[in-house]
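Me: Please take a close look at one part of this structure, the place where a helix begins, and then set it in the whole chain.

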Amino acid sequence: MSDNQDWYLESTPKPSLRAWIFGQMAMGAVYAALALFGVIAVILIIRAISYLLPEDPFAALELGTRAVSALV
């Protein structure tokens with residue numbers, strides 16, 4: 001009971017609390033960067049779609065009524 005054996009494997013180096021904290025903080029930074037780039041991508045996609053749409057939202061309706069009135 002008093003062998004005082006370490007819980008980690010002998011072939012691996014001792015675990016470091018600093019390394020674990022750094023790893024956790026680095027993964028948090030990676031997740032935050034992915035979220036930031038995701039938000040930026042969504043904003044850029046919405047802007048690209050807005051450039052494809054007409055400036056006046058009722059312009060397409062007027063064009064359709066003019067085409068129908070020209071045919072009738």
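**The start of helix α1**

Reply: L17 lies in helix α1, in a model that is predicted. Helix α1 covers residues 17-52, so the look starts at L17.

With a relative accessibility of 60%, L17 counts as exposed, because the cut-off for that word is over 50%. L17 also takes part in a nonpolar surface patch, together with W20, I21 and M25. The area of this patch is about 470 Å². A general rule helps in reading such a list: an α-helix has 3.6 residues a turn, so residues three or four places apart point the same way.

Just at the start of α1 there is also a polar detail: S16 has a side-chain oxygen within 3.3 Å of the backbone nitrogen of R18.

Next comes the length of the helix. Helix α1 has 36 residues, and at 1.5 Å a residue they should span 52 Å. The C-alpha atoms at its ends are 53 Å apart, which agrees with that expected span.

Now the whole chain. The protein chain contains 2 helices and 0 strands. Of its 72 residues, 1% count as buried, where buried means under 20% relative accessible area. The accessible surface of the chain is about 7,200 Å², and 71% of this belongs to carbon and sulfur atoms.

Definitions and conventions. Residues numbered from 1 in each chain as written. Predicted model: local features only at pLDDT ≥ 70, side-chain atom pairs only at ≥ 80, totals over all residues. Heavy atoms only, no water. Helix = DSSP H or I, 4+ residues; strand = E, 2+ residues; numbered from the N terminus. Expected span 1.5 Å × (residues − 1). Polar contact = N/O pair within 3.5 Å; in protein donor to acceptor, adjacent residues only side chain to side chain. Buried < 20%, exposed > 50% of the residue type's maximum accessible area, 1.4 Å probe, protein only. Areas by Shrake-Rupley, 256 points an atom, 1.4 Å probe, with all protein chains shown as cover. Patch = residues over 30% accessible without salt bridge, like charges linked within 9 Å, V, L, I, M, F, W, Y side chains within 5 Å. Salt bridge = Lys/Arg side-chain N within 4 Å of Asp/Glu carboxyl O.
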